[in-house]
Amino acid sequence: MAIVIKTSEEIAGMRKACRLASEVLDYITPYVKVGVATIELDRMMNDFMKAHGAVSACLGYAPAGYKPYPAATCISINHVVCHGIPSEKALKKGDIVNIDVTVILDGFYGDTSRMFIVGDKVSVSAKHLVDATYECMWRGIAAIAPGKSLNEVGIACERVARAEGLSVVHEYGGHGVGRHFHEDPFVSHYNTPDNNIILKPGMIFTVEPMLNAGSRHISGLNDGWTVITRDRSLSAQWEHTVLVTETGYEVLTISDGYPPIPDYIHC
Ligand code: MF3
Ligand code: CO
Ligand code: CO
């Protein structure tokens, strides 16, 4: 599938969908607390999406070889790498949690995720993993500019992971996004020298590195979705949807409640 260059109308639609996805996370932030069941967070986010004229892209999503995804969001705790299915299980003090939201608004997909630390105490290593993964995502985004190779994103992400003693998950990556959930290109978060896609204004894709405290290897649970670290070490992920502009990049999944953005980022 060729990479779609978005028209200005499509870019306008993506700005709205992406902002709403980020607002879903703003909305849920105060509820990510000790004792809450993740299914309850999922229900609240699903209601919020609907109240804002959108639907979840995840609910019922069934790519080839998968059964339909059963919830509105993905909530991945501790050693869960991604695609954690919300459940009756309650959050505990010191958990690190990724909440990944993808909305469909007026036919456009906005995709973003953030990490949350549950309670006021977390291990130094868990906090380091969360913070280093945040920097990893932002350094990857900062490598985006028209005329540059997409592989620069992977190189930048991998550099942070290595410097921090963390590993990069290979099997999952970012993706083009627009009128479809997962479009070309695949965005690798490590150096893949054969990737020589040249970035062009109007491309929109996600940057969503998954970093593990232990080895990069993963396994899948038999629910058909949940991905965990093979060694059960902690894993973290942050995600933005980003537009390639004439001069650099525009991060689309930003909203008023977004956490502080590093000073090397211009957005
Ligand atoms: N939001 C995820 C991504 O970043 C995809 C989740 S697919 C689901 O690409 F079906 F698990 F929700
Ligand atoms: Co994504
Ligand atoms: Co996502």
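1. A quick definition to start: a residue counts as buried when its relative accessible area is under 20%. Keep in mind that what you're looking at is a predicted model.

2. With that in hand, look at strand E2, residues 74-77. It is covered on both faces: Cys74 and Ser76 are buried on one side, and Ile75 and Ile77 are buried on the other.

3. Who is E2's partner? E2 pairs with strand E4 (residues 96-105), running antiparallel to it over four bridges. If you want a spot to click on, find Ile77, which sits opposite Val97 of E4.

4. Stay on E4, since Asp100 takes us to a metal. The cobalt ion (ligand 3) is held by two OD contacts from Asp100, plus Asp111 (OD) and Glu239 (OE), at 2.1 to 2.4 Å. Don't expect a neat geometry here: the angles among its six donor atoms run from 58 to 166°, and the site is irregular.

5. Now check the spacing of those donor residues in sequence, D-x10-D-x127-E. Asp100 in strand E4 and Glu239, in the loop between strands E13 (235-237) and E14 (240-244), are 139 residues apart, so distant parts of the chain are linked. Both Asp100 and Glu239 are buried.

6. There's a second cobalt ion too. Asp111 bridges ligand 3 and the cobalt ion that is ligand 2, and the two ions lie 3.3 Å apart.

7. Last stop, ligand 1. Its nitrogen atoms have polar company: one is 3.1 Å from a side-chain N or O atom of Asp100, and a polar side-chain atom of Thr102 lies 3.2 Å from a nitrogen. On the oxygen side, a side-chain N or O atom of His175 is 3.1 Å from an oxygen atom of ligand 1. Taken alone, ligand 1 exposes 340 Å², and the protein buries 97% of that.

Methods. Residues are numbered from 1 along each chain as its sequence is written. Chains are lettered from A and ligands numbered from 1 in the order in which they are written. This is a predicted model: local features need pLDDT of at least 70, side-chain atom pairs count only at pLDDT 80 or more; totals for chains, interfaces and linings use all residues. Side-chain values use heavy atoms; hydrogens and water are left out. Buried means under 20% relative accessible area, exposed over 50%, partly exposed in between (1.4 Å probe, protein chains only). Helices (H or I, at least four residues) and strands (E, at least two) are DSSP runs, numbered from the N terminus. Two strands pair if DSSP finds at least two bridges between them. Donors are N, O and S atoms within 2.8 Å of the metal (3.2 Å for Na, K and Ca); water is not among the atoms, so sites may look incomplete. Four donors count as tetrahedral if all angles lie between 85 and 135 degrees; four count as square planar and six as octahedral if opposite donors are over 155 degrees apart and all others between 65 and 115; anything else is irregular. A polar contact is a pair of N or O atoms within 3.5 Å; within protein, one must be able to donate a hydrogen and the other to accept it, and residues adjacent in sequence count only if both atoms are side-chain atoms. Accessible areas come from the Shrake-Rupley method with a 1.4 Å probe; for residues, only the protein chains shown count as cover.
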